[in-house]
Amino acid sequence: MAELPGPQAGFGRPAPLPQTGWERLRELWRRDEQQQFPEETVNIAKSAFTAGVVGWLYGGLPAFVSARKAFIESSHGEIFQNRADAVQSAHRAGLRSFIRYGWRWSWRVAAFATVFNVVSTGLSAYRDKTTISNFAAAGAFTGALFRVHLGLQGLAGGVVFGTAFGVPAGGLLMAMYGLAGETLQEKRSRERRELYEQRLAEWQSRLSMTEILGQTESNAQGRPEMEGATELKSY
């Protein structure tokens with residue numbers, strides 16, 4: 001469940017819900033009372049790892065097959081100790097290409113996914129709603145960022161490619177949210193509101209109890225004074 005920002009004093013009034021987009025953005029990078037980051041932030045890290053693995057496989061597996069095949073074709077004249085030595089040599093050549101080209105694809109895909117998710121999640125938090133336009137804008141920004149070094153033409157191509165990627169990706173996520181019944185932003189807002197109402201009720205209950213105890217203590221202190229005054233009158 002989402003936690004409200006800021007330390008809570010024992011009898012202090014709960015901190016109000018974030019009202020501005022910047023406050024909601026800051027919440028994305030703030031730990032809760034259990035020292036855990038929000039679900040959206042955790043999902044960004046998970047997606048970066050997943051994208052890195054997918055990119056490594058995408059770039060590494062074809063390179064492994066191609067390098068192994070090229071080694072076999074170019075080593076017909078070489079002499080090996082036995083068949084196992086030849087197979088191991090071919091596998092080592094493929095493994096080197098798997099690591100080399102897998103890493104090249106892995107960090108690029110992971111970086112692209114991370115930037116895309118950070119921007120789309122930030123826009124959803126700032127606007128306090130999740131829409132296709134958030135993903136389209138995130139895709140356009142990410143594509144432009146990765147192609148800006150190619151000049152104006154590359155920048156324009158990056159915007160087109162990023163938008164073309166962001167719209168279907170956003171549509172898929174929105175469909176998944178529709179099946180779940182609410183988006184992550186809606187879920188977080190609901191949990192934040194429920195937690196605030198719970199803490200507010202607890203604070204009001206403690207406050208009422210404190211007032212009752214204070215009144216009881218005042219009455220208890222006033223009773224001996226009244227009894228003493230009555231005794232003086234009797235004398």
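Which helix holds the place of Ser97? Ser97 is in helix α3, which covers residues 83–127. The views below, all taken from a predicted model, start from this serine.

**View 1. Ser97 of helix α3 and its contacts.** Ser97 counts as buried, because its relative accessibility is 15% and the cut-off for buried is under 20%. Setting aside residues up to four places away in sequence, Ser97 touches Ala63, Phe64, Ala67 and Gly102. Two of these partners, Ala63 and Ala67, are also listed among the buried residues of α2.

**View 2. Ser106, another serine of helix α3.** Here the relative accessibility is 8%, so Ser106 counts as buried. Leaving out neighbours within four places in sequence, the residues in contact with Ser106 are Gly52, Gly55 and Trp56. Gly52 and Gly55 belong to the buried set of α2.

**View 3. Helix α2, from end to end.** Helix α2 runs over residues 39–74 and has 36 residues. At 1.5 Å a residue it should span 52 Å, and its end C-alpha atoms are 52 Å apart, so the expected and modelled spans agree. For anyone looking at the packing, the buried residues of this helix include Glu40, Thr41, Ile44, Ala48 and Ala51. Also among them are the glycines Gly52, Gly55, Gly59 and Gly60, as well as Phe71.

**View 4. Trp22 and Tyr126, one aromatic pair.** The count of aromatic pairs in this model comes to eight. In the Trp22 and Tyr126 pair, the ring centres are 5.5 Å apart and the planes stand at 75 degrees, so the pair is edge-to-face. Trp22 lies in helix α1 (residues 21–27) and Tyr126 in helix α3, so the pair ties together parts that are 104 residues apart in sequence. Trp22 is exposed, with a relative accessible area of 56%, whereas Tyr126 is partly exposed, at 39%.

**View 5. Tyr58 and Trp105, an edge-to-face pair.** The two rings sit 4.9 Å centre to centre, with 75 degrees between their planes. This pair links distant parts of the chain, since Tyr58 is in helix α2 and Trp105 in helix α3, 47 residues apart. Tyr58 has a relative accessible area of 55% and is exposed; Trp105, at 40%, counts as partly exposed.

**View 6. A cluster of phenylalanines.** Which residues make up this aromatic cluster? Phe112, Phe116, Phe135, Phe146, Phe161 and Phe165 form it together.

**View 7. Asp128 in the loop between α3 and α4.** Asp128 has its place in the loop that comes before α4 (132–147). Take a look at the backbone here: phi is positive, at about 60 degrees, although Asp128 is not a glycine. With a relative accessible area of 36%, Asp128 is partly exposed.

**View 8. Two spans annotated in UniProt.** The unreviewed UniProt entry lists residues 105–126 and 155–180 under "transmembrane region". In the model, residues 105–126 are 100% helix and 0% strand, and the end C-alpha atoms of this span lie 31 Å apart. Residues 155–180 are likewise 100% helix and 0% strand. How far apart are the end C-alpha atoms of residues 155–180? They are 36 Å apart.

Key: Residues are numbered from 1 along each chain as its sequence is written. This is a predicted model: local features need pLDDT of at least 70, side-chain atom pairs count only at pLDDT 80 or more; totals for chains, interfaces and linings use all residues. Side-chain values use heavy atoms; hydrogens and water are left out. Helices (H or I, at least four residues) and strands (E, at least two) are DSSP runs, numbered from the N terminus. Buried means under 20% relative accessible area, exposed over 50%, partly exposed in between (1.4 Å probe, protein chains only). Contact means heavy atoms within 4.5 Å. The expected span of a helix is 1.5 Å times one less than its number of residues. UniProt positions are given in the numbering used here, feature names are shortened, and annotations may be inferred rather than shown by experiment. Rings of Phe, Tyr and Trp (its six-membered ring) pair if their centres lie within 6.5 Å; planes under 30 degrees apart count as stacked, over 60 as edge-to-face and the rest as tilted.
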